[in-house]
Amino acid sequence: RAPGARYRQLRQALSDCLTVAQHDAESLFILVVDDNPDDLFLIRRDLMALGHRVACVSTADEALEHIAQAYPDVLMTDVGLPGMDGIELLQTVRARTDGSWIPSLVFTGSLDEATQMRALEAGADAYLCKPASRQMLHAKLGVILRLKAMQWQAEARNRELARYRSL
C-alpha cells in the first residue's frame, strides 16, 4: 500500500529536522578546563581557528558552575587540575546530568596507559596527549562531532515521533 499524506508529511518533517541538526553540528560550543593559562590560550586559539565557540575555565569547580548554567556541546579537560582532577570532573558531570550526554575529550601531557584507562572508564570519549597539533585536535573533534550529530539526529527523531503520536 502506498504511503499516505500523513506519512509523507512526517517523513518530510523528519528530513527537515535532520538537515537542521547537521547544519548546527558545524560549529560546536566547547568548554575547556585547564589550569595552565598558556595551554588554555593555545587550545582556545586552535579551536576558534577550527570554527568552534569556546569558553575557558581553570578549575573543575568553575566547569561545574558553567555546566549548571548551560551544557556545552563538548567538554575538554586536562587531567591534572588543582583540587578535583579532570577524571573526577568527568565522573561528577556524568552523575549530575539529567540523562543528557556531554561528549568529553581528556587531554594531558602524560602518555601513561593507566591514566588513559582511568579517563576512558570515567566516560571520556577521546584522549589527547599534549602538545597536540591542530590537525590531531581536529581529528579527535571530528570523532566527537560524528557522535554529537548522531545524538542530534536521534533527538530530532524522538521529537518528531512524539509529535506524530500526539496527532
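## A salt bridge within helix α6

A salt bridge is counted here when a side-chain nitrogen of Lys or Arg lies within 4 Å of a carboxyl oxygen of Asp or Glu. In this predicted model, the side chains of Glu-160 and Arg-163 satisfy that criterion, with an N to O distance of 3.1 Å. Both residues belong to helix α6, where they are three residues apart, about one turn of the helix. The two partners differ in their surroundings, since Glu-160 has a relative accessibility of 5% and therefore counts as buried, whereas Arg-163, with a relative accessible area of 46%, is partly exposed.

## Salt bridges between distant parts of the chain

The structure holds nine salt bridges. In general terms, side chains of opposite charge can pair when their charged atoms come close. One of the salt bridges joins the side chains of Asp-39 and Lys-130, at 2.9 Å from N to O. Because Asp-39 lies in helix α2 (residues 37-49) and Lys-130 in the loop between β5 and α6, this pair ties together parts that are 91 residues apart in sequence. Lys-130 is partly exposed, its relative accessible area being 22%.

Another salt bridge links Asp-46 with Arg-134, and here the closest N and O atoms are 2.9 Å apart. Asp-46 lies in helix α2 and Arg-134 in helix α6, so this pair connects parts of the chain that are 88 residues apart in sequence. Asp-46 is buried, with a relative accessible area of 9%, while Arg-134 is partly exposed, with a relative accessible area of 34%.

## Strand β1 and its neighbours

Strand β1, which spans residues 29-33, is mostly covered, as five of its five residues are buried. The cover extends to both faces of β1, with Phe-29, Leu-31 and Val-33 buried on one side and Ile-30 and Val-32 buried on the other. This division fits the general pattern that side chains in a regular strand alternate between the two faces of the sheet.

Strand β1 runs parallel to strand β2 (residues 53-57), to which it is joined by five bridges, and within this pairing the bridge partner of Leu-31 is Ala-55 in β2. Between these two strands the chain passes through α2, giving a β-α-β crossover that is right-handed. Strand β1 also pairs with β3 in the parallel sense, over four bridges, and in β3 it is Thr-77 that stands opposite Val-33.

## Strand β4 between β3 and β5

Strand β4 (residues 104-108) is largely enclosed by the rest of the structure, because five of its five residues are buried. Ser-104, Val-106 and Thr-108 point one way from β4, and Leu-105 and Phe-107 point the other way, yet all of them are buried.

Strand β3 (residues 74-78) is joined to β4 by four bridges, and the two strands run parallel; in this pairing, Ser-104 of β4 is the bridge partner of Leu-75. Four bridges likewise join β4 to strand β5 (residues 126-129), again in a parallel arrangement, with Leu-105 standing opposite Ala-126 in β5. From β4 the chain reaches β5 by way of helix α5 (residues 113-121), and this β-α-β crossover is right-handed.

## The surroundings of Asp-73

Asp-73 is placed in the loop between α3 (60-69) and β3. Its relative accessibility is 15%, and because the limit for a buried residue is under 20%, Asp-73 counts as buried. When residues up to four places away in sequence are set aside, Asp-73 touches Ser-27, Leu-28, Phe-29, Arg-53, Pro-103, Lys-148 and Trp-152. Among these contacts, Phe-29 is one of the buried residues of β1.

## A nonpolar patch on the surface

Val-143, Leu-147 and Met-150 form a nonpolar patch on the surface, and together they contribute about 230 Å² of accessible area. Met-150 is found in helix α6, which covers residues 134-165. With a relative accessibility of 49%, Met-150 counts as partly exposed, because the exposed class begins over 50%.

How values were computed
Residues are numbered from 1 along each chain as its sequence is written. This is a predicted model: local features need pLDDT of at least 70, side-chain atom pairs count only at pLDDT 80 or more; totals for chains, interfaces and linings use all residues. Side-chain values use heavy atoms; hydrogens and water are left out. Patches are made of residues with over 30% relative accessible area and no salt bridge: like charges are joined within 9 Å, nonpolar side chains (Val, Leu, Ile, Met, Phe, Trp, Tyr) within 5 Å. Accessible areas come from the Shrake-Rupley method with a 1.4 Å probe; for residues, only the protein chains shown count as cover. Buried means under 20% relative accessible area, exposed over 50%, partly exposed in between (1.4 Å probe, protein chains only). Two strands pair if DSSP finds at least two bridges between them. A crossover is right-handed if, with the strands pointing away from the viewer, the path from the first strand over the helix to the second runs clockwise. Contact means heavy atoms within 4.5 Å.
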